[in-house]
Amino acid sequence: MSRKPELRGRAARLARLFPGPTGSGQAARTPFVLLVVLLLGGGLIGLLVLNSALSEGSFKLTDLQKDTKSLTDEEQALQRDIDAYSAPDALVRRARELGMVPGGDPAFLDPDGTVKGVPSPASGADQASLRMPLVLAPEAIGTVTVPTPTVSPTPAEAPEAVQTPGAGPSEVPPSTYPTPTPGR
């Protein structure tokens, strides 16, 4: 009853190229479907790994930006300190604390050895500015020698004014420090 008509010629050749609904067609589809599922699964896992790596890089970038901001703030604070210490009024104040006075007129030497100009001593060298500096450089602390006083002490002051060997500069009264001479 339901019999397939026989095909002849061109139709028969085309029918052989495209097989009809048989059991062999189902078996050929299974590897293809399995391949598509594996490709999709692999793609999803690859996207997940890529997304995780990008997130990790984003966190590292955020941390590095925070570090950069804090280091930039620290650099700016240090630069402000440098600017404050190198300001002219701060340099003048620090020089006066160290006992320095403004210099006089300089003289210049030419390459042939002639002197141009007339040097003058430092001006403004009053006795208050000729005292020993309040702060000594670290390399000068170990080499400081305090000479014995030139004025002979009275008997009541003798134990305090005479320096014993091994006594530090803090044990000598401030009046016995030498005063620097102008022009040095």
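**Surface and salt bridges of a predicted model**

Colleague: How much area does the protein chain expose?

Modeller: The structure is a predicted model. In the protein chain, carbon and sulfur atoms supply 64% of the exposed area. The total that the protein chain exposes is about 16,100 Å².

Colleague: What percentage of the residues in the protein chain is buried?

Modeller: A residue counts as buried when its relative accessible area is under 20%. The protein chain has 184 residues. Of these, the buried residues make up 5%.

Colleague: Which pattern of helices and strands does the protein chain follow along the sequence?

Modeller: The protein chain has five helices and two strands. Among contacts between residues at least 6 apart in sequence, 36% join residues at least 24 apart. Read along the sequence, the elements follow the pattern α-α-α-β-β-α-α.

Colleague: Which residues form a nonpolar patch on the surface?

Modeller: One member of the patch, L40, lies in helix α2, residues 23-85. L40 has a relative accessible area of 56%, so L40 is exposed. Together the patch residues have about 470 Å² of accessible area, and they are F32, V33, V36, V37 and L40.

Colleague: Which residue forms a salt bridge with E56?

Modeller: Side chains of opposite charge can pair when their charged atoms come close. E56 and its partner are four residues apart in helix α2, and are therefore separated by about one helical turn. E56 counts as partly exposed because its relative accessibility is 46%. The closest N and O atoms are 3.8 Å apart, and the partner of E56 is K60.

Colleague: How far apart are the closest N and O atoms in the salt bridge of D73 with K69?

Modeller: D73 and K69 both lie in helix α2, four residues apart, about one turn of the helix. D73 counts as partly exposed at 38% relative accessibility, whereas K69 counts as exposed at 55%. A salt bridge requires the nitrogen to be within 4 Å of the carboxyl oxygen. For D73 and K69, the closest N and O atoms are apart by 3.5 Å.

Colleague: Which residues are linked with R93 in a network of salt bridges?

Modeller: E97 forms a salt bridge with R93, the closest N and O atoms being 3.4 Å apart. Because E97 and R93 are four residues apart in helix α3 (residues 88-97), about one helical turn separates them. Both count as partly exposed, E97 with a relative accessible area of 31% and R93 at 48%. The residues linked with R93 in the network are R94 and E97.

Key:
Residues numbered from 1 in each chain as written. Predicted model: local features only at pLDDT ≥ 70, side-chain atom pairs only at ≥ 80, totals over all residues. Heavy atoms only, no water. Buried < 20%, exposed > 50% of the residue type's maximum accessible area, 1.4 Å probe, protein only. Contact = heavy atoms within 4.5 Å. Areas by Shrake-Rupley, 256 points an atom, 1.4 Å probe, with all protein chains shown as cover. Patch = residues over 30% accessible without salt bridge, like charges linked within 9 Å, V, L, I, M, F, W, Y side chains within 5 Å. Salt bridge = Lys/Arg side-chain N within 4 Å of Asp/Glu carboxyl O.
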